[in-house]
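Biologist: I have a model open and want to learn how to read it. Where do we begin?

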Amino acid sequence: MKKQNINSKKVFFNVAVVLMAIIGLSGCEDVIDLKTETGPTQLVVDGWITNQPGTQTITLTWSSAYFDSNPIQPVLGAKVTVTDNIGNVYNFEDASKNGKYTWGSLATDSLGRIGRKYTLRIEYEKEVYTAQNEIKRVPKIDSIAYTHETLPIKPDKDKGQKTGYIVEFYARDFIGTGDTYWIKEVLNGKTNVDKAKKISIAYDAAFSAGAPSDGLIFIQPLRRSITYDSLYQAGSHVGVELHSITNEAFYFLQQVVDQSTNGGIYATPIANIKSNVVNADPNGRKALGYFGASAVSRMETIVDPAKARPEED
């Protein structure tokens, strides 16, 4: 009986403490008028050249304040060139006057080559910005498979149906540690990375450096990362693009993902991610964004129920 009384007192004390904490928190309803300083406008670079034929695009815009809801403003009138390490110069033109500087107008035009290094140069008024990158090797995609799946509960309307197919790709990392990749879903013939949370990156065949995955087939979570938030249905035209990226690009994208999922009581202050675009004047305005380069491996399929793997137990 004595032991029971002591435990009862402990339970009562713990419950009381929890209730007091809840009451205290519920009373914290002070409105905080958050005032933030508006920093200088900066050049934002969004450019990623590849070894694929067709038009290459480098988008230039101006940064804006965090709470600014106005449309993003394009950078007009800049001179944009890309030069490779053997002396080829590619001029990018903003023909539509919308900040999208392009090179190549034919489907057969090709710029990127595996193993070459590329330098971006942007001249705007009196400022000159540069960035470097390299096109690394990329493995061939071996195959795409899909498995029938039934979810335990019916998802929300915008999350698809309860039954469908999980699609995954198969590819093997090269032997030699340090290869990094960006995995992109292809939907109806176009890459589909419409939100930062969809960015899927790999270090060798796993998520990060240090994992014993060199030279192996990509681990299942990476293979299935092209099935992001809903199941595919019969007849879906789906695929994958595997982009080779440098280690620097890998860590840049990793920070983008971290920022997009940064929330809750343990959230860290939002900060601009360091760009690889550098102003020639160390005292000039800094740039944001990234200039990247990739070789691309691609495969697509149409989901056929007759070819699907049976549902896993």
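Modeller: With contacts. This is a predicted model. Leaving out residues up to four places away in sequence, G160 touches P155 and S230.

Biologist: How far apart are G160 and L231, in sequence and in space?

Modeller: Read both separations together. G160 and L231 are 71 residues apart in sequence. C-alpha to C-alpha, they are 6.5 Å apart in space.

Biologist: Where is the place of G160?

Modeller: Look at the flanking elements. G160 is in a loop, between strand 8 (141-150) and strand 9 (163-171).

Biologist: Why does G160 count as partly exposed?

Modeller: Check its relative accessibility against the cut-offs. Partly exposed lies between 20% and 50%. G160 has 32%, so it falls in that class.

Biologist: Now the whole chain. What share of its residues is buried?

Modeller: Of 313 residues, 38% are buried. The chain has 3 helices and 16 strands. Among contacts with a separation of 6 or more, 67% join residues 24 or more positions apart.

Biologist: How do I read a pocket? What is the volume of the second largest pocket?

Modeller: Take volume, then lining, then chemistry. The second largest pocket has a volume of about 240 Å³. Its lining has 14 residues, and K197, I199, S200, I201 and F207 lie nearest the centre.

Biologist: Which element gives the most to that lining?

Modeller: Helix 3, with 3 residues. Strand 12 (200-203) and helix 3 (247-260) each supply at least two.

Biologist: And the chemistry: how many residues of the lining are nonpolar, polar and charged?

Modeller: The lining of the second largest pocket has 6 nonpolar, 4 polar and 4 charged residues.

Methods:
Residues are numbered from 1 along each chain as its sequence is written. This is a predicted model: local features need pLDDT of at least 70, side-chain atom pairs count only at pLDDT 80 or more; totals for chains, interfaces and linings use all residues. Side-chain values use heavy atoms; hydrogens and water are left out. Helices (H or I, at least four residues) and strands (E, at least two) are DSSP runs, numbered from the N terminus. Buried means under 20% relative accessible area, exposed over 50%, partly exposed in between (1.4 Å probe, protein chains only). Contact means heavy atoms within 4.5 Å. On a 1 Å grid over the protein atoms alone, a cavity is a set of points where a 1.4 Å probe fits but cannot get out, and a pocket is an open set with protein on both sides within 12 Å along at least five of seven lines; lining residues have an atom within 4 Å of a point. Grid points are joined across faces, edges and corners, and a volume is the space filled by probe spheres set on the points. Ala, Val, Leu, Ile, Met, Phe, Trp, Tyr, Cys and Pro count as nonpolar, Asp, Glu, Lys and Arg as charged, and the others, Gly among them, as polar.
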